[in-house]
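Here is a short report on a single chain. It covers confidence, fold, ring contacts and the largest pocket.

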Amino acid sequence: MNSLVLIAAETETHDQATGWGTKLPLVPHPSEVVVSLVFFLIVLWVMKKYVVPRLEAVYAERTAEIEGGIEKAAKAQAEAAAALDEYQAQLAEARAEAGRIREEARAQGAEIVAELREQAQAEAARIVSSAQQQVAAERQQAVVQLRSDVGALATDLASRIVGESLQDSARQSRVIDRFLDELEAADAAPSTGRVS
């Protein structure tokens, strides 16, 4: 450190002797320019040898990362677009399938309804036919029962009116049949005379 002070002191005395500091106060001394130039060249060499290659490596690495990121983003975007297209195709296919299934269900429903309607109509016709047969059988049975009851009552009444016994079964049967035939003829006559 003493040597630097000595060099600075010598330079100062030399400058005073030459008049460098007073004549050109803003222009640096030539020795300062040389020393500064040497230090600048050393710093420049160190920067070029060690710092610039590291900066270029970092720059190249960052560029590669950014380009790789851009490629990855483009690839991901292409995959997303393909996935979206596939999804939309599957969605359209699913909608078409759902529409087809809905139409099949409607057709099957209509067939089932028609089949059930036919079965219901057949069952109703069978029930009506059975009921009509049962009513006819019960009517026939009632007519037979009524015939025998009316015949017995008519015989008993006729016996009382005539005063003689009508216990002969052949005679009783003829009288009852004639009486019932007259009743049926009397019932049929007013109904044929009506206008519907």
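pLDDT is the predictor's confidence in each residue, on a scale from 0 to 100. The model is predicted: local features need pLDDT of at least 70, side-chain atom pairs count only at pLDDT 80 or more, and totals for chains, interfaces and linings use all residues. Residues are numbered from 1 along each chain as its sequence is written, and side-chain values use heavy atoms, without hydrogens and water.

**Confidence and fold**

The average pLDDT over the chain is 81, and 77% of the residues reach at least 70. Helices (H or I, at least four residues) and strands (E, at least two) are DSSP runs, numbered from the N terminus. The chain holds four helices and zero strands. Two of its elements mark the ends of the confidence range.

| Element | Mean pLDDT | Rank in the chain |
|---|---|---|
| Helix 1 (residues 2-18) | 58 | lowest |
| Helix 3 | 89 | highest |

Of the 196 residues, 6% count as buried (under 20% relative accessible area, 1.4 Å probe, protein chains only).

An unreviewed UniProt entry lists residues 70-104 as "coiled-coil region"; such annotations may be inferred rather than shown by experiment. In the model this span is 100% helix, with its end C-alpha atoms 50 Å apart.

**Aromatic contact**

The whole structure contains one aromatic pair (ring centres within 6.5 Å, using the six-membered ring for Trp). W45 and Y50 form it, edge-to-face, at 6.4 Å centre to centre and 85° between the planes; edge-to-face means planes over 60 degrees apart.

**Largest pocket**

A pocket is an open set of points on a 1 Å grid where a 1.4 Å probe fits, with protein on both sides within 12 Å along at least five of seven lines; lining residues have an atom within 4 Å of a point. The largest pocket has a volume of about 190 Å³, the space filled by probe spheres set on the points. Helix 3 (30-162) and helix 4 (169-193) each supply at least two lining residues. Helix 3 gives the most, with five. The lining includes R139, R147, E184 and D187. By class, it has five nonpolar, no polar and four charged residues.

Key: Nonpolar A, V, L, I, M, F, W, Y, C, P; charged D, E, K, R; others polar. Phe/Tyr/Trp six-rings, centres within 6.5 Å; stacked < 30°, edge-to-face > 60°. Buried < 20%, exposed > 50% of the residue type's maximum accessible area, 1.4 Å probe, protein only.
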